[in-house]
Amino acid sequence: GEMDGARALMNKSMQRMHELGQRLIAAGSAMEASDIELDAGNVAGAAEIAVAGCARLEELGERGWLSTLAGQAGQALYALGRIDEAWHWTEAAERAGAEDDVITRLLILQVRAKVQARRGDYVEAERLAREALRLSEETDMLSEQGDAWADLAEVLTLVGRREEAAQALEAAEALYTEKGYVVA
């Protein structure tokens, strides 16, 4: 939760990467920089960082980090209400990602679930959200499991099932607490 310190360390790290000529690692670190801004509540900044990072990774021909960062861009753009752009970034993530890249698959499913709910396709939205939850539970990644529960909660809220949404948020909170992810 110490966002100023996190930003300062991120900036120092980026500066050092550039000094050492580590353009690829610097471009890939947009994943962490975007996460910091999301945690700080600066969704517009997170989206800007993610989209710019995707452009740099694409220029460098890097696909592994690109796929995940594109999914993160989709999450941030969705949070800004820019659902068509969010969907576009899930397509970019899908094109760049490997089938066994769990983080990218989760981001694609979660963003698409929420977009489909906003578009009124509640059956598909819930199916996608539950698929993301199932996939997350095959991992030991507590934060990502919490995110899957939180996104399911949003879908259930949009569907009008608030009691189930509240239960999903409680599950997310329990996972974030277990992880020690205070900001979430």
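**Exercise 1. Check the length of helix H8, then find what covers it.**

Solution. Start with the count: helix H8 runs over residues 122-137 and has 16 residues. Helices here are DSSP runs (H or I, at least four residues), numbered from the N terminus. The expected span is 1.5 Å times one less than the number of residues. For H8 that gives 22 Å, and the end C-alpha atoms are 22 Å apart, so the two agree.

A word on the source: this is a predicted model, where local features need pLDDT of at least 70, side-chain atom pairs count only at pLDDT 80 or more, and totals for chains, interfaces and linings use all residues. Residues are numbered from 1 along each chain as its sequence is written, and side-chain values use heavy atoms, with hydrogens and water left out.

Next, list the buried residues of H8: Ala125, Glu126, Leu128, Ala129, Ala132, Leu133, Leu135 and Ser136. Buried means under 20% relative accessible area, exposed over 50%, and partly exposed in between (1.4 Å probe, protein chains only). Last step: H7 and H9 are among the elements that cover these buried residues.

**Exercise 2. Describe helix H9 and its packing partners.**

Solution. Begin with length. H9 has 18 residues and reaches 26 Å from its first C-alpha to its last, close to the 26 Å expected. Now look for buried positions. They include Leu142, Gln145, Asp151, Leu152 and Leu156. Then ask what they pack against. The partners are H5, H7, H8 and H10, with contact meaning heavy atoms within 4.5 Å. Finish at the end of the helix. Glycine 160 follows H9, and its phi is positive, near 100°.

**Exercise 3. Which side of helix H10 is buried, and which residues are exposed?**

Solution. Check the span first. H10 covers residues 162-179, and its 18 residues should span 26 Å; the end C-alpha atoms are 25 Å apart, which agrees. Now pick out the buried residues of H10: Ala165, Ala168, Ala172, Leu175 and Tyr176. They cover an arc of only 100° around the axis, so they sit on the same side of H10. The arc is taken from the directions from the helix axis to the C-beta atoms. On the other side, Glu163, Glu170, Glu173, Thr177 and Glu178 are exposed. The buried residues of H10 pack against helix H9 (142-159). After H10 comes glycine 180, with a positive phi near 85°.

**Exercise 4. Trace the largest nonpolar core.**

Solution. Know the term first. A nonpolar core is a set of buried Ala, Val, Leu, Ile, Met, Phe, Trp, Tyr and Cys residues joined through side-chain atoms within 4.5 Å. The largest one has 24 residues, and Cys54, Leu69, Ala70, Ala86, Trp89 and Val115 touch the most other members. Which helices supply at least two residues each? They are H3, H4 (43-60), H5 (64-79), H6 (83-96) and H7 (102-118). H5 gives the largest share, seven residues. Apart from this core lies another, of 17 residues, among them Leu109, Leu128, Leu152 and Ala165.

Zoom in on one residue. Leaving aside neighbours within four places in sequence, alanine 70 is in contact with Cys54, Trp89, Ala92 and Ala93. Alanine 92 is found in helix H6. It is buried, with a relative accessible area of 13%.

**Exercise 5. Is valine 111 buried or exposed, and what does it touch?**

Solution. Place it: valine 111 is in helix H7. Its relative accessibility is 0%, so it counts as buried. Now skip residues up to four places away in sequence. Valine 111 then touches Gly71, Gly74, Gln75, Ala86 and Thr90. Add a distance. Leucine 128 is 17 residues away along the chain, and the two C-alpha atoms are separated by 9.0 Å.

**Exercise 6. Compile the contacts of two buried residues in helix H3.**

Solution. Take glutamate 37 first. It lies in H3 (residues 30-39). It is buried, with a relative accessible area of 8%. Beyond its neighbours within four places in sequence, glutamate 37 is in contact with Arg7, Asn42, Val43, Gly45, Ala46 and Ile49.

Now take isoleucine 36, also in H3. At 15% relative accessibility, isoleucine 36 counts as buried. Not counting residues up to four places away in sequence, isoleucine 36 touches Met3, Ala6, Arg7 and Met10.
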